[in-house]
Every structure is written in structure tokens, then in C-alpha cells.
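Take a look at the model below. We will go through its core, one of its strands and one of its pockets.

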Amino acid sequence: MNYDLIIVGMGPVGATAANLAGQWGLKTLVLDKSDTIYQNPRAMGFDQEAMRTFDNIGLADAIEPHVMPYRASHYINHEGQPIKRIEAAKAPYALGWAPNYVFSQPPLERALRENIQFFGNVDVRLGCEVQEVSEDNGVSRVRLLCKDGSTEELTSTYVLACDGGTSAIRTRLQLQMEDLAFDEPWLVVDVLLKDGAGAGLPDTNVQYCDTERPSTFVVGPGRHRRWEFMINPGETPADIVRTESIQQLISRWLSADEYEIWRASTYRFHALILERWRVGNLLFMGDAAHMTPPFLAQGMCQGIRDAMNLIWKLALVRRGQAAPTLLDSYQVERIPHVRRTTEVAKEFGQTICERDPERARERDERLMAEMRANPGGTVRQSLIPGLVAGFIDRQAPAGELFPQPRVINCLGEENLLDRFTGQQFRVVMAESFDRPDELVAQLERRLVERTLPITLVRLTSEDPQEEHQYRELDDLLSDWMTKQGCRVLLVRPDHYVYGGARTLEEAVALFERCLEGLGV
């Protein structure tokens, strides 16, 4: 067999999956039919989970020049009145990173691809088109059409279809997608401001909930700004994408000599979810598995979560540290999360896209009443769910994201906790847990015949003296554990909490249930 894993598609989601596969030691091949990255921006926003993933990969410093924190979103009606505000959570940040970011996609993709070269277990082949994926007795076969016109067949245990919203692999298998009933035509325009231009532009993101022409303005990094315009009845994509049409649309904010058009494309914004994410050893990820309207900036984030959820499971199964049934939890966990996030994005889109004047007036009255009741606005992160089923324990805080504090270790080094522990199972003990040595002994006894990637985190308010001891700088994690009523946490490699416990006996039972869930 040639590979453990073949990834089809090397957009940001496929490239992220390849980096994670490299870290987890999977012998991997990444394929893409294009020789180069797409040079124009497409996705423009990602959140704290995605940034945590990029940092885990080792890319935080490399992408810093092309990223900046996402600004608040203000919703304005056709009379210029504010009707809704979406704010970002304030520091200290729950996951160690700002809640949301805007970014330039081409440099991010370059950084992801360049990082792959550091993994000797990951191969990349560009300019190759996948013609067929089949499976026989647990062996996946991928037939390629190569640059020179020849064909080649490669084998692997698993195949990931990351080949986008028009996924040829999904289409050939005639897999069905659930339609969440959102289908709207939009024009997306990215511009680069010329020197000295743009002083009069909004300093935050704005959703113009105008019945005549719903539109969106986004502040990007550096000189990058984006407008999105709903295409009106009677307009054609070919007409509205013309330079003169774009200049007319943007003239409300800028004159044509104040910017250069970087990219202009028309889209139909959809809300779709694949019904089957796994067919044997073929699994779907990113836009091949779901499409999300852009109004919550979660499209790419959904795919990054897919990669974080799945790659460690594939690695454990491939090593014999988990049963193949663990892979069934991928769809079980991801579909409810994707559906809820997509529904929220759809609700935002319906708010923005309302064209009927009477319904828009009712919308404005309702949203203004909500603003009066909640003058601080909605915190964007409160809209993103946790896990509700799958490989998690039975009660809270199972399925919640594990907070990430800044800590100091026993060598006096200060950093984010992930940078000390990496992506492993983590057993986290609060300082108030009074039987840490007994718990460690119990865990070691149960792991004597296993080689699970697992590490300890023991919180202390004093200067750490021993390995695995950490002192928090802001009590972020300690306060969260107190609020959750836990003294021990078991955390998965993708930073979701498997479960929590208060006593030694509960902690041992929790660990037993985790091992049982792994199935070996």
C-alpha cells in the first residue's frame, strides 16, 4: 500500500489537514489539479478555533503580517439606523487568541503549503486530476490523470475528499445534500485602497440591511476592503461584474480613482449539508461536505474544524490505538455543529436580505427592541455551539472547548498552554484536587499496554517545581473549572473536553469510559 491517507484538494482545508496528518505521523499524499494556489482572495474571516489550529501547526508567526483581529459588525437599516450589533468577546480570550480575524487568503495558503515541506511523511503532487476513487477489501484506490496525459493508480487506507463545493468525488457517487433553504445571488468585490484613500470609510464592518440593495462592508488587513452586494431581480451576473457597474455600486463610499479592483466574482450563497460524510474509507471535508452562507464568517472555519476533528482519529485508528468505529463519531459530531452554525449564518443572511418593506419595518422594530434589552450587543462566540454527541462523556462540560491560558512551566518559561502540551489527550488537575499522585498511578496502571498520546497538566498557584506543573497568569482555566464544578478534566487532542470529574473515583471512571469508547 502506498499511503495511509490521500487528500484530494489542497485549498486551505486540505492543506490544513495535510499539516495535521504530518504532525500525527500519517504517511500522506496531497493532490490538487491546479499547479498553483488561487491568487485572489475568497475566504476573508476565521475565528479563534482556526487560529488555535494554525498555531498548533506552527504558523502563527508566519501568517501574522496577513492577519488582523476582526472588528465588530453593525447592522444598519435603510434609514441609517443601527438595528443590531455583533461584538467580539473581550480579553482575556478563552482560547488564547482574539475571537475572530480577517486575513488575506493567498499568503495563508502559501504558508500552509510551505509548512508541509517540513514533514517527511507528506508528499505533494500538483497538476494531477483524480478520475476515480474506489475501495476493495479496505484498500482505497485513486486513479490519477497526470500532467503528461498518462494515468496512474495509487493506493491508501483512507481518502479525504477536500475538493470543494463542486466536489467531483461527491458528484460521481451521487451523494445527497440536505438543503437548508437559502439560495441568494451576490456580487463580491475586493479592492485595494490607494495611498491616502479611505479615510471616510466605516472603521468597522457594516451590514446594510437596505431593501433596495442589501450589502456588506468588511475591513480587511492593510489596504484590503471588501464589499458584497445582493444582485437584484433583472440584473445578470455578467452585467453586474463589469467594472463600470462595480464603480457605480462603490461610488456611495469611494470614487473610482481611490482604489484598484483586486477581484470581483458573483456567487449564489447556499446552505447545504452532505447527508453521508463517510463511504467506507472515503471521508468528506470542508465545502465538499457543507456550504455555509458567509454572514457569520464561518465557511472556512467549518472545514478547519472538520480537519481537527478527524485527523487525530485517523491516526489513532491507523496505529491500532482506537477501533475503526471511532471514525463514525466524525459525522455524528460534525453534522449537528455544522447545522447549527449554518442555521445561525442563514438567520443573519435572512435579516440582511429582507426585501419586503413591511417585513423590514417589523424586523427593525424587533431588533431595536432587542438592542434596548441587550445594549452590549450579541457576542459572536456565543453563537458557536459545542459538541452534543459522539466521542464525549455524558454530562457537562463534555463537548465544550477547552480554554487555553497563558502559563509558566517549571523552567520559568511563559507561553500558551498548547505550546507546552501539543495536540494530545490531556488530564488536567485543578490545584484543589487533593489526590493527584493516586490519579496518576491509576492512569499509568490502565495505560501499561497502551501508548496513547497523553500528558498531564497540574495547575498550581505557586511557582511550578515539577514537570507538568503550570501556573496560570490570569486564572482563566481555574475559574472555568470552578464554574463547571470540575477538579479534573479529560481533554481530546482537538481541544474538546471529553468529560470532567470532581473526585478520584469519578476521574478513574471517566478515563475508563474514554478507553471503552476508543474500542481497543
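This is a predicted model. Start with the inside. The largest nonpolar core has 123 residues. Those with the most contacts inside this core are Phe 46, Phe 54, Leu 160, Ile 311, Leu 314 and Leu 439. Which helix gives the largest share of this core? Helix H8, residues 299-319, does, with 12 residues. Apart from this core lies another one, of 26 residues. Met 44, Val 191, Ile 250 and Ala 297 are among its members. A general tendency fits here: in soluble globular proteins, nonpolar side chains tend to be buried together.

Now pick out Leu 439, one of the residues with the most contacts inside the largest core. Set aside its neighbours within four places in sequence. Leu 439 is then in contact with Val 427, Met 429 and Phe 433, and also with Val 488, Leu 504, Ala 507 and Val 508.

**A buried strand**

Next comes strand E13, residues 205-209. Is this strand largely enclosed or largely open? 5 of its 5 residues are buried, that is, under 20% relative accessible area, so E13 is largely enclosed by the rest of the structure. Asn 205, Gln 207 and Cys 209 point one way from E13. Val 206 and Tyr 208 point the other way. Residues on both sides are buried.

E13 pairs with two strands, listed here.

| Partner of E13 | Residues | Bridges | Direction | A facing pair |
|---|---|---|---|---|
| E5 | 73-77 | 5 bridges | parallel | His 74 opposite Val 206 |
| E14 | 215-219 | 3 bridges | antiparallel | Ser 215 and Tyr 208 |

E13 and E14 also form a hairpin. How many residues lie between them? There are 5.

**A pocket**

Last, turn to empty space. Rolling a probe the size of a water molecule over the atoms shows where such space is left. The second largest pocket has a volume of about 580 Å³. It is lined by 26 residues. Closest to its centre are Gln 48, Ala 94, Leu 95, Leu 401 and Trp 480. Which elements give two or more residues to this lining? They are helix H2 (48-57) and helix H13 (476-484). H13 gives the largest share, 4 residues.

What kinds of residue make up the lining of this pocket? The lining divides into 13 nonpolar, 7 polar and 6 charged residues.

Definitions and conventions: Residues are numbered from 1 along each chain as its sequence is written. This is a predicted model: local features need pLDDT of at least 70, side-chain atom pairs count only at pLDDT 80 or more; totals for chains, interfaces and linings use all residues. Side-chain values use heavy atoms; hydrogens and water are left out. A nonpolar core is a set of buried Ala, Val, Leu, Ile, Met, Phe, Trp, Tyr and Cys residues joined through side-chain atoms within 4.5 Å. Buried means under 20% relative accessible area, exposed over 50%, partly exposed in between (1.4 Å probe, protein chains only). Contact means heavy atoms within 4.5 Å. Two strands pair if DSSP finds at least two bridges between them. On a 1 Å grid over the protein atoms alone, a cavity is a set of points where a 1.4 Å probe fits but cannot get out, and a pocket is an open set with protein on both sides within 12 Å along at least five of seven lines; lining residues have an atom within 4 Å of a point. Grid points are joined across faces, edges and corners, and a volume is the space filled by probe spheres set on the points. Ala, Val, Leu, Ile, Met, Phe, Trp, Tyr, Cys and Pro count as nonpolar, Asp, Glu, Lys and Arg as charged, and the others, Gly among them, as polar.
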